[in-house]
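Me: I would like a close look at one part of this protein, and then a wider account of how the parts around it fit together. Please keep it plain.

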Amino acid sequence: MLTSKTRVCNLCEATCGLELELSGQDIKSIKADPDDVFSKGAYCPKSQGLKDLYQDPDRLRKPLKKTAQGFQEIPWEQALDEVAERIVKLQSQHGKASIATYTGNPNVHNLGAMLALPMLLRALKSPHRYSATSVDQLPHMLIAHLMFGHSLMLPIADVDRANYMLIIGANPVVSNGSLLTAAGLSSKLKQIQKRGGKVTVIDPRYTETASQATEHHFIKPGKDIYLLAAIVKGLLTSTTHKQAPHIKGLDILMDAFGDYEDPHFEARTGMSPEIVDRIIHDLHFYEGAICYGRMGVSTQEHGSLCQWLINVINFLTGNLDSAGGVMFTDPAIDILNYISRGAHHKKFARRKTRVRGLPSFEGEFPVAALAEEILTSGEGQIKGLISIAGNPALSTPNGEQMRSALDKLDLFVAIDYYITESSAHADYILPPCSPLERSHYDLVFNALAIRNTARFSEATFKKQGKEDFDIILELWKRLDHGSKFQNFKIGAIAQGMIWLGPERILDGMLRRGPHKLTLKRLRENPHGIDLGALTPQLPDKLRTPDKKLDLAPEVLIKQFSQVKAQLQKEPNPTADGFQLIGRRNLRSNNSWMHNCQSLHLKKRDFHVLVNEDDGAALGLSNGQTVRVSGAVGSIEAPVRLTDKIMKGVVSMPHGWGHQEGRSKLKQAIAMGGANINQILSDQEVEPVSGNAILNGQRVHVSALELSQP
Ligand code: SF4
């Protein structure tokens, strides 16, 4: 008999509502839920990955322990006991800092992991925390912290009411929005244009979003700071700005831009100054205008300055906290009350990494420093690692160095579905059940969504094994047994949380939230509850100690003066080689998705995109394999010549390059491709936050010498 169940997809930030047609344990189809209050029938092909992941024979079902004969299955109790025992032993021998953690991006899409992880991290008492944040959105979060007082106070583009959208270094038609939870963004961008508005895309590549925009302009990789600064300068001189009581720093900002002149703007950016004038005009002209920049802007040399100036632009045009501009959310659970609650001044650069001196943010160090912290001996050296839903060997720069580092560890524990390029090095792999075997509520992405809604997904299937919540708390219980937290024994608290489960904890959070919901009400509304459009939230929502929005944080003004000091220098027109940029695939997000049969059998988009003029100069032809060499290595991949990328720029997507002998992802290995992180240097980081520079690193491209027959 066929049954139907609704579920919110947790494979990316768009959080589309889905309808699964089931026959017993068999998934007959996964379609969009047209009645979902948020996504209203939007979804994408990646949703089919939920079925693939559930059924994948490569997915681990039991814990593995590495032995002389390779990985062997062991019972859960033994695995958890042994792992906890070895962590305790390592820390007692080498100190608390000898154990590091790496948390991958899927954790943020996982209710149980979000609830349990803080407990484990606290129990370990190690300064060595790393995550995928610092190869991604760290600048957004740091700037939100500095300007608004909380790293998750991210201004969200109100695309449903906007009439102009300036999109820089983002491809929402393919990503479906990032730090902008908005299912079906492609049609929303069309709607802006249909109602007489305009969408302008700035990108070194003519992206899928550019193809649907009103205008597209190329910009050289890593040069967005000069465009944004030119816009800010123009806005500051073309309008007078009143200072509201909850705003500070406008005078400092005006002072910083008073002498800003870029004599080499065109040569530096590849853009004509007339485009800047047009953008400034459009930002003024359209009521409800958004400036939005994402991954391409964050993961470059001046990512933090760029995200700061994007917020400044939205403020100067009157579009910060205003309908049709960028706004703050009011979700059913206010995540700001649960995450990062410590003293504001202690969150950034409180500590520095041992080897390179990179700054901490909210208790984490930039992941670009992880391998060297494992490989460099001395006090505080990392000897053990717990990786939770992460694949740093494939997903962080200088992947080969990371692999060597993972091999050097005395203890490596991976909480992972698969034997990946990283977990293959582990002593223990603790596999959680698949997403369909656990219930789901988006703690984070409701706080980043273009509309306030609340949706709960029941587990589609009965849980086989343990979910991340259970594994993490079981470890916590074993690690901290006997110690106390607020007069309660940790072991008892952990046991209590396990007994409650994520759902009862969620119910308590919903009841305490601003909309006073209950889990029962969400269960009665399987398509979700609409809580309304975003509304102005300032100044009440500000979390800065003085409750003011800071337009000119000191650390940014200081860094900006260094940028200004370089402005008179002429850019080098004959810089060597190419600049490499990443790109997002519609059918891919996390690297494990390459093991999904239904997503990649027909389309494999891992080519090196090269401008056709550059290709002709190098004597390349379409489909030919080329060698791409970067600071730390070389990879080979097929080339695609195109006029859709700027001259001097090449593009490759992230997460490919699964190889036989390095993982057990059979389908992904069969797909082929190359891993961009084998050539990206871990030494190139953004100066303010330490975020990895993934866009704009220099590479060389050459045709492969054909061996003589
Ligand atoms: S866009 Fe994201 S959330 Fe929506 S169906 Fe695709 S993967 Fe799932």
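Take one residue to start with: does Asp321 count as buried or exposed, and at what relative accessibility?

Reply: This is a predicted model, and what follows is computed from it. Asp321 counts as buried, because its relative accessibility is 11% and the cut-off for buried is under 20%. The residue sits in the loop between α13 (303-316) and β14 (326-327). Its backbone is also worth a look: Asp321 is not a glycine, but has a positive phi of about 65 degrees.

Lys516 can be set beside it. This residue, also not a glycine, has a positive phi of about 50 degrees. Lys516 belongs to the loop between α18 (490-512) and α19 (519-524). At 57% relative accessibility Lys516 counts as exposed, whereas Asp321 counts as buried. One further backbone feature is the cis peptide bond between Leu538 and Pro539, with omega at about 5 degrees. Pro539 is found in the loop between β23 (529-533) and β24 (549-550).

For the wider setting, the chain is divided into four parts: domain 1 (2-55), domain 2 (64-136 + 334-531), domain 3 (158-328 + 543-564) and domain 4 (574-703). Two of these, domain 1 and domain 3, have centres that are 34 Å apart, taken over C-alpha atoms. Their contact draws on 10 residues from domain 1 and 11 residues from domain 3. About 650 Å² of area is buried between domain 1 and domain 3, and carbon and sulfur atoms account for 55% of that area. On the domain 1 side, the residues that lose the most area to domain 3 are Glu13, Ala14 and Phe38, which together give 63% of what that side buries. Between domain 1 and domain 3 there are 0 salt bridges, but 3 residue pairs are in polar contact, with both residues of each pair at pLDDT 80 or more. Sorted by class, the side of domain 1 that touches domain 3 holds 6 nonpolar, 2 polar and 2 charged residues.

Salt bridges are found elsewhere. The whole structure has 35 of them. In one, the side chains of Arg59 and Glu437 meet at 3.7 Å, N to O. This pair links distant parts of the chain, with the two positions 378 residues apart: Arg59 is in the loop between α1 (49-55) and β4 (64-67), and Glu437 is in the loop between β19 (428-430) and β20 (451-454). Arg59 is buried, at a relative accessible area of 6%, and Glu437 is buried too, at 3%.

Another salt bridge joins Arg356 to Asp682, where the closest N and O atoms are 3.9 Å apart. Arg356 is in the loop between β15 (348-352) and β16 (359-361) and Asp682 in the loop between α23 (666-671) and β30 (697-703), so this pair ties together parts 326 residues apart in sequence. Arg356 is partly exposed, with a relative accessible area of 24%, while Asp682 counts as buried at 2% relative accessibility.

A further salt bridge brings together the side chains of Asp470 and Lys463, at 3.0 Å, N to O. Asp470 counts as buried at 12% relative accessibility, and Lys463 as partly exposed at 31%. Salt bridges with shared partners also make one network out of Glu77, Asp81, Glu474, Lys477 and Arg478.

Last comes a nonpolar residue, Ile74, in the loop between β5 (70-73) and α2 (76-94). Ile74 is buried, with a relative accessible area of 9%. Leaving out residues up to four places away in sequence, Ile74 touches Pro63, Lys65, Ala79 and Tyr428. From Ile74 to Lys62 is 12 residues in sequence and 7.1 Å in space, C-alpha to C-alpha.

Technical notes: Residues are numbered from 1 along each chain as its sequence is written. This is a predicted model: local features need pLDDT of at least 70, side-chain atom pairs count only at pLDDT 80 or more; totals for chains, interfaces and linings use all residues. Side-chain values use heavy atoms; hydrogens and water are left out. Domain bounds come from an automatic or database domain assignment. Contact means heavy atoms within 4.5 Å. Buried area is the accessible area (1.4 Å probe) that two parts lose on being put together, summed over both. A salt bridge is a side-chain nitrogen of Lys or Arg within 4 Å of a carboxyl oxygen of Asp or Glu. A polar contact is a pair of N or O atoms within 3.5 Å; within protein, one must be able to donate a hydrogen and the other to accept it, and residues adjacent in sequence count only if both atoms are side-chain atoms. Ala, Val, Leu, Ile, Met, Phe, Trp, Tyr, Cys and Pro count as nonpolar, Asp, Glu, Lys and Arg as charged, and the others, Gly among them, as polar. Helices (H or I, at least four residues) and strands (E, at least two) are DSSP runs, numbered from the N terminus. Buried means under 20% relative accessible area, exposed over 50%, partly exposed in between (1.4 Å probe, protein chains only).
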